[in-house]
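Visitor: I'm new to this one. Could you show it to me and explain how you arrive at the words you use for it?

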Amino acid sequence: MTKSTDLKARKTAAVANGVGARGIYVAKAENAEVWDVDGKRYIDFAAGIAVLNTGHRHPTVMAAVARQAEAFTHTCFHVTPYESYVALAERLNTLTPGNFPKKTLFLNSGAEAVENAIKIARYHTKRSAVIAFSGGFHGRTHMTMALTGKVMPYKRGFGPFPAEIYHAEFPQPYRAITTDRALADIDRLFHGDVDPKSVAAIIIEPVQGEGGFNVAPTDFLRALRKLCDEHGIILIADEVQGGIARTGKMFSIEHAGVVPDLVTMAKGLGGGFPLSAVTGRASIMDAAHPGGLGGTYGGNPICIAAAHAVLDVIEAEGLCARATHVGQQMRTHLEALARKTPCIGDVRGLGAMVAFELVKDPKTKEPDAELTAAILAHAEKRGLILLSCGTSANVVRLLAPLTIQDSVLSEGLAILSAAVVDAYGVDAARAVA
Ligand SMILES: Cc1ncc(COP(=O)(O)O)c(C=O)c1O
């Protein structure tokens with residue numbers, strides 16, 4: 001029995017079933033590579049689900065964390081605050097889109113950031129309704145489950161959910177959901193389900209993560225901004241997965257030139273340490289009374305130190321430009337693969353947030369979740385960690401660290417191609433000439 005198989009058995013016996021876990025038990029990791037407990041090496045195209053934009057154990061991040069651990073590790077900002085929290089808020093107030101006074105609040109997870117953005121929007125507007133999107137993912141707490149537009153594995157069995165949440169269609173050009181159709185769907189909501197004057201916020205991932213790396217078209221995001229302005233609705237950009245240089249800009253919504261009122265971020269911000277934030281217009285952020293927001297650990301000093309280092313690394317190593325480069329390499333590779341492999345129906349994404357969608361037939365576009373799972377399994381066997389996504393679990397997403405060396409990136413992409421061929425070849429009858 002290998003150490004990995006032993007650990008899998010122990011996990012099954014000791015850990016709650018709802019905590020899904022893959023079979024690679026990690027022993028150590030460095031930049032874009034991971035070694036498991038049996039000594040097998042993997043290239044990491046998952047990056048802890050878009051967390052390690054600066055790679056595993058970036059030396060600058062490690063040094064900042066070690067320095068902070070020497071000074072103090074926790075006080076609770078509400079009890080005895082510290083400068084680094086304030087300084088990081090100042091940095092994010094400057095880095096987020098919008099040339100107006102902003103304020104920031106730190107929390108621990110992406111879900112908590114979204115929860116707080118909704119709390120703030122409701123408090124400020126004195127309205128209760130929220131519009132989110134089909135295929136969207138915002139977390140696993142009750143409010144964020146309610147906002148999520150993907151039933152499995154996130155919502156089944158966990159209801160009832162908070163009321164006053166409405167879902168509109170998210171544009172998906174590959175599936176003929178155009179900007180006009182998606183806007184018409186919001187119009188339908190406004191006429192049939194909820195008065196726009198009761199809507200506190202519209203929350204959108206400018207690039208859907210778990211929903212399948214669907215990129216919101218620029219004209220759609222601009223139209224949302226206009227709708228929000230017309231009706232006094234707060235526009236929240238959920239940048240938890242797409243933010244922090246991942247798409248080639250600090251925040252993915254910047255590609256559209258649209259300025260949201262509030263931005264939620266997490267994942268890449270802490271470089272592997274749990275930190276999330278809400279940043280937005282000072283007038284909105286300041287609505288809630290003192291003590292109404294926050295928590296024991298939000299903005300923990302170790303995580304704040306890591307985040308300062310992450311922002312330093314992004315600047316010093318030009319990681320926005322690097323994301324564009326990594327994304328181009330991935331796209332070129334995948335587009336060539338798609339030309340030879342008809343099961344790849346679509347290649348899409350933004351910057352280094354790249355995905356391909358697997359279909360049984362390029363004409364019917366019927367999702368192929370089995371083939372997707374087989375590709376992940378073959379990739380894992382060959383030493384590449386991949387993730388799937390999409391409401392039909394038929395999209396493979398690539399989220400390599402932005403710091404990945406070119407040679408490791410090429411090696412990973414070659415393994416990916418081999419895994420697609422392995423999996424596709426398993427059932428040759430699926431091939432469409
Ligand atoms: C867009 C988005 N929002 C929120 C979340 C929830 O973040 P967390 O898992 O840190 O609670 C995620 C996680 O994948 C996400 O992708």
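**A loop, a helix pair and some labels**

Guide: Let's start with Glu164, which sits in the loop between helix 6 and strand 6. Keep in mind that this is a predicted model.

Visitor: Why is Glu164 called partly exposed?

Guide: Its relative accessibility is 31%. Buried means under 20% and exposed means over 50%, with partly exposed in between, so Glu164 counts as partly exposed.

Visitor: What is the phi of Glu164?

Guide: Phi of Glu164 is near 70°, a positive value in a residue other than glycine. Phe213 is also a residue other than glycine with a positive phi, near 55°. You'll find Phe213 in the loop between strand 7 (199–204) and helix 8 (218–231).

Visitor: Is Phe213 buried or exposed, and how do you know?

Guide: Phe213 has 0% relative accessibility. The cut-off for buried is under 20%, so Phe213 counts as buried.

Visitor: What about Ile177, buried or exposed?

Guide: Ile177 comes in at 11% relative accessibility, so it counts as buried too. Ile177 is in the loop between strand 6 (165–168) and helix 7 (179–192). Leaving aside neighbours within four places in sequence, Ile177 touches Glu169, Phe170, Pro171, Gln172 and Ala182.

Visitor: Which peptide bond leading to Pro153 is cis, and what is its omega?

Guide: That's the bond from Met152 to Pro153, with omega near 5°. Pro153 belongs to the loop between helix 6 (142–147) and strand 6. Pro160 lies in the loop between helix 6 and strand 6 as well, and the bond from Gly159 to Pro160 is cis, with omega near 0°.

Visitor: Now the helices. What makes helix 3 roughly antiparallel to helix 10?

Guide: Helix 3 (residues 59–71) and helix 10 (residues 301–316) pack at about 150°, their axes 8 Å apart. Angles over 145 degrees count as roughly antiparallel, so helix 3 is roughly antiparallel to helix 10. Their crossing is right-handed.

Visitor: Which residues meet there?

Guide: From helix 3, Thr60, Val61, Ala64, Val65, Gln68 and Ala69; from helix 10, Pro301, Ile302, Ala305, Ala306, Ala309, Val310 and Val313. Sorted by type, the contact has 11 nonpolar residues, 2 polar and no charged.

Visitor: How confident is the predictor, and where does pLDDT stay under 50?

Guide: The chain averages a pLDDT of 96, and 98% of the residues score at least 70. Over residues 426–433 pLDDT stays under 50, and there the model has 11 contacts beyond four places in sequence.

Technical notes:
Residues numbered from 1 in each chain as written. Predicted model: local features only at pLDDT ≥ 70, side-chain atom pairs only at ≥ 80, totals over all residues. Heavy atoms only, no water. Axes fitted to C-alpha atoms, helices over the stretch in contact; angles between N-to-C directions. Helix = DSSP H or I, 4+ residues; strand = E, 2+ residues; numbered from the N terminus. Parallel < 35°, antiparallel > 145°, perpendicular 65-115°, else oblique. Left-handed = near helix turned anticlockwise from the far one by under 90°. Contact = heavy atoms within 4.5 Å. Nonpolar A, V, L, I, M, F, W, Y, C, P; charged D, E, K, R; others polar. pLDDT = per-residue confidence, 0-100. Buried < 20%, exposed > 50% of the residue type's maximum accessible area, 1.4 Å probe, protein only.
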